[in-house]
Amino acid sequence: MKVHIIGGGNLGVSIALGLAKFSQGHQITITRRNTASILYLQDLGITVATDNTLAIQEADLIILTIKPYQVDMVLTEILPVITNKTIASAVSGLSIENLQNKIGASHSAIRIMPNIAAQFGASATCIAFNEKNKEAAQPVVQLFQDLGTAPIIDEKLMDAATVLAASGTAFALRYIRASMQAGIEIGFDWQTALAISAQTVKGAAEMLLEEKGHPEQLIDRVTTPQGCTIAGLNEMEMHGFSSSLIRGIKTSLKQIKG
C-alpha cells in the first residue's frame with residue numbers, strides 16, 4: 001500500500017515508524033509544515049514532505065493525524081487533487097458522518113484511534129466505520145493489526161476508546177512511575193527499579209493477551225494465603241487504587257464530551 005500520513009506530530013510519526021518496522025512493503029509519506037524534527041524518518045525509507053499534496057493522488061490510504069482546527073484547511077488543500085480515496089481520521093471529536101460530509105460520497109471515511117505505542121507494534125487501535133465503507137475499511141484494519149491490536153467498535157464508543165487506549169497510555173505510565181518510586185524506597189537505584197517495573201507490566205499484559213483470561217485469574221496465581229502480595233493489594237485498595245483509576249478514566253471521558 002501507499003500510505004500518506006498528514007500530520008507529523010507524535011501520533012503521525014508513531015504510525016509511520018510502526019509501519020516501517022512492522023508492516024513491510026508499504027510506501028509511506030508523512031507531511032509536516034516544519035520537517036526539521038522528523039527528517040530522520042528518511043533513514044527508514046519514509047518520504048518526508050512539507051506539501052500535503054505530494055503524490056497524494058497515488059495514495060491507497062490517507063491518514064489524518066492533525067488537530068481538529070486544521071481539518072478544514074487540510075481538506076481544502078487535498079480534495080481538489082484526489083478521487084476515490086480511503087481517508088482514515090485520528091482527529092479527536094470528528095465523527096464519521098461529519099468527515100464523510102466534508103470529503104464527499106466518492107471517498108470512504110474511516111475513524112481510527114491509535115496510540116503512540118504503534119511505533120513499537122503495540123498500539124490498541126480502535127476502528128469504526130459505516131457499513132457502506134466496510135470493504136474499504138478492511139485494508140485499514142489489517143494495516144493496524146500489524147501495529148498491535150485493531151478492534152472494530154461502534155462509533156459511539158470512540159470517545160471512550162480515546163480515554164481507554166490513548167489516555168490510558170499515560171495512566172499506565174503513571175503506575176510504572178509510582179512503582180519505580182516505591183522501588184527506590186525499598187533499596188533499588190532508579191534505573192533498576194524502572195527496568196523491573198516496566199518489564200513486570202509488560203509481562204502481565206502479555207499474559208493477559210496470550211491467555212485471554214480475566215485479570216483476577218492471573219492475580220490468584222501470585223497471591224498466597226497470608227502472603228506479601230495480598231497484603232499489598234489490600235493496602236492499595238484501602239487507599240483507593242482501583243476506584244481512583246476508574247474515577248480518572250470517567251473524568252477524562254467527561255472532559256472529552258464537554
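T29 touches V3, H4, I5 and T47 once residues up to four places away in sequence are left out, where contact means heavy atoms within 4.5 Å. This residue is found in strand 2, residues 27-31, strands being DSSP runs of E with at least two residues and helices DSSP runs of H or I with at least four, both numbered from the N terminus. With a relative accessible area of 14%, T29 is buried; buried means under 20% relative accessible area, exposed over 50%, and partly exposed in between, computed with a 1.4 Å probe on protein chains only. The model is a predicted one, in which local features need pLDDT of at least 70 and side-chain atom pairs count only at pLDDT 80 or more, whereas totals for chains, interfaces and linings use all residues. Residues are numbered from 1 along each chain as its sequence is written, and side-chain values use heavy atoms, with hydrogens and water left out.

H4 is also among the contacts of N52, which, leaving aside neighbours within four places in sequence, are H4, I6, T31, R33, V74, E77 and I78. N52 is found in the loop between strand 3 (47-49) and strand 4 (61-64), and N52 is buried, with a relative accessible area of 5%. An unreviewed UniProt entry covers N52 with the annotation "binding site"; UniProt positions are given in the numbering used here, feature names are shortened, and annotations may be inferred rather than shown by experiment. From an unreviewed entry, too, UniProt lists residues 2-88 for "domain: Pyrroline-5-carboxylate reductase catalytic N-terminal". The end C-alpha atoms of residues 2-88 lie 13 Å apart, and the span is 24% helix and 23% strand.

On a wider scale, the protein is divided into domain 1 (2-153) and domain 2 (160-257), with bounds that come from an automatic or database domain assignment. The contact takes six residues from domain 1 and five residues from domain 2, while the C-alpha centres of domain 1 and domain 2 lie 31 Å apart.

The second largest pocket holds about 710 Å³ of space. Of the 30 residues that line this pocket, N10, L11, T65, I66 and K67 are the closest to its centre. A pocket here is an open set of points on a 1 Å grid over the protein atoms alone, where a 1.4 Å probe fits, with protein on both sides within 12 Å along at least five of seven lines, and lining residues have an atom within 4 Å of a point; grid points are joined across faces, edges and corners, and a volume is the space filled by probe spheres set on the points. Because domain 1 and domain 2 both give residues to the lining of the second largest pocket, it lies between them. Helix 1 (10-22), helix 2 (71-78) and helix 5 (158-185) each supply at least two residues of that lining, and helix 5 gives the most, with four residues.

Two residues have unusual backbone angles, given that most residues other than glycine have a negative phi. N84, in the loop between helix 2 and strand 5 (86-89), has a positive phi of about 50° although it is not a glycine, and at 60% relative accessibility N84 counts as exposed. K212, in the loop between helix 6 (190-211) and helix 7 (215-221), has a positive phi near 55° and counts as exposed at 70% relative accessibility.
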